[in-house]
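Subject: Structure for your files

Hello,

Here is the structure I said I would pass on. My notes on it follow below.

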Amino acid sequence: MRFLFIGDIVGSRGCRFAAAKVPEIKREYGVDFVIVNGENSADGNGITPASADMLSFADVITTGNHVFRRREIYDTLNGNCNIIRPANYPEGAPGRGMYILDMGRARIAVINLMGTIFMDALDNPFAVIDSLLEETDTPNIIVDIHAEATSEKKALGQYLDGRVTAVIGTHTHVQTADEVILPKGTAYITDAGMCGAELSVLGVKSEIIINKLKNKLPARFTESENPPFLNGAVVEFDEKVGKSAYINRILIR
């Protein structure tokens, strides 16, 4: 089987561009299902029911540190939906950290984790994933590690080698060129990148971020209107054993 993972989708323009490009990517690569990180899909960041609807082409939507930015998503997260938040948020947080996608001939567990280096002090992602793997009854396991530090992502990828199908990094919005099949059969990339305006600062109008960094004053982020691009990866795996055969990094302008 093959899946497409799209990195952080930024705003409504990113949602529309992804929706337009996914059908042709699925045809070209023979993709069976799609996972996207949608934590910045709402204009201004966060995720809302409306922005989630724009991602209806995705089979599973992962998130990250902005998942709770918009309160209107809380009821959706608590319902029976395909949107997950990092599993290492404390007990009582809305939503859940794992989704089981039933494809008929195979069941795929999609797990969302968040790093703790330079980010919120959540539960230890290494301990949380150990616990989740004990209760997962399918060999097909895909992990979105939403983290700032490349070292934390690298360490988690190698820690999970042979135990999960793929470890895909998100959060930095900058696609890395280190896609690899690890020695025990886990597909890995440090960051899948983003889907949004290419000439921007992580999808936001460049002048806003430049002024914020230059003057150190608060600023309201506005999505850049420059032409978008799409970053992600396609992974092929054996659904009988949960091992990956290849990972192909993609960039579409």
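In what sense do S9 and strand S10 (residues 187-189) pair, and over how many bridges? The two strands are antiparallel, and two bridges join them. Please keep in mind throughout that the model is predicted.

The sheet. S9 and S10 belong to an open sheet of six strands, ordered S5-S6-S7-S8-S10-S9, in which the pairing is mixed. At its edges are strand S5 (98-102) and strand S9 (180-181), each paired on one side only. Between S9 and S10, Ile181 is placed opposite Ala187.

The hairpin. Strand S12 (residues 228-238) runs antiparallel to strand S13 (residues 243-252), with nine bridges between them. Val235 has Ile247 of S13 as its bridge partner. Four residues separate the two strands of this hairpin, and in the turn Gly242 has a positive phi of about 75°.

Helix H1. This helix covers residues 11-29, which is 19 residues, and spans 26 Å from its first C-alpha to its last, close to the 27 Å expected at 1.5 Å a residue. There is a kink of about 35° at Lys21, shortly before the proline Pro23. The buried residues of H1 include Phe17, Ala18, Lys21, Val22 and Ile25. Lys21 is thus named twice: at the kink and among the buried residues. After H1 comes Gly30, with a positive phi near 65°.

Two backbone angles to look at. Most residues other than glycine have a negative phi. Phe118 has a positive one, near 65°, and sits in the loop between strand S6 (107-114) and helix H4 (125-134). Its relative accessible area is 71%, over the 50% cut-off, so Phe118 counts as exposed. Leu202, also not a glycine, has a positive phi of about 60°. Leu202 lies in the loop between strand S11 (194-197) and H6. With a relative accessibility of 41%, Leu202 is classed as partly exposed.

The pocket. Leu202 comes up again at the largest pocket, whose volume is about 400 Å³. The pocket is lined by 23 residues, and those closest to its centre are His66, His173, Leu202, Val204 and Phe221. Helix H6 (residues 206-215) supplies the largest share of the lining, three residues. By type, the lining has eight nonpolar, nine polar and six charged residues.

Regards

Methods: Residues numbered from 1 in each chain as written. Predicted model: local features only at pLDDT ≥ 70, side-chain atom pairs only at ≥ 80, totals over all residues. Heavy atoms only, no water. 1 Å grid on protein atoms, 1.4 Å probe; cavity = no way out; pocket = protein on both sides within 12 Å on 5 of 7 lines; lining within 4 Å. Points joined across faces, edges and corners; volume = space filled by probe spheres on them. Nonpolar A, V, L, I, M, F, W, Y, C, P; charged D, E, K, R; others polar. Pairing = 2+ DSSP bridges. Expected span 1.5 Å × (residues − 1). Bend = angle between axes of the 7 residues up to and from the residue. Buried < 20%, exposed > 50% of the residue type's maximum accessible area, 1.4 Å probe, protein only.
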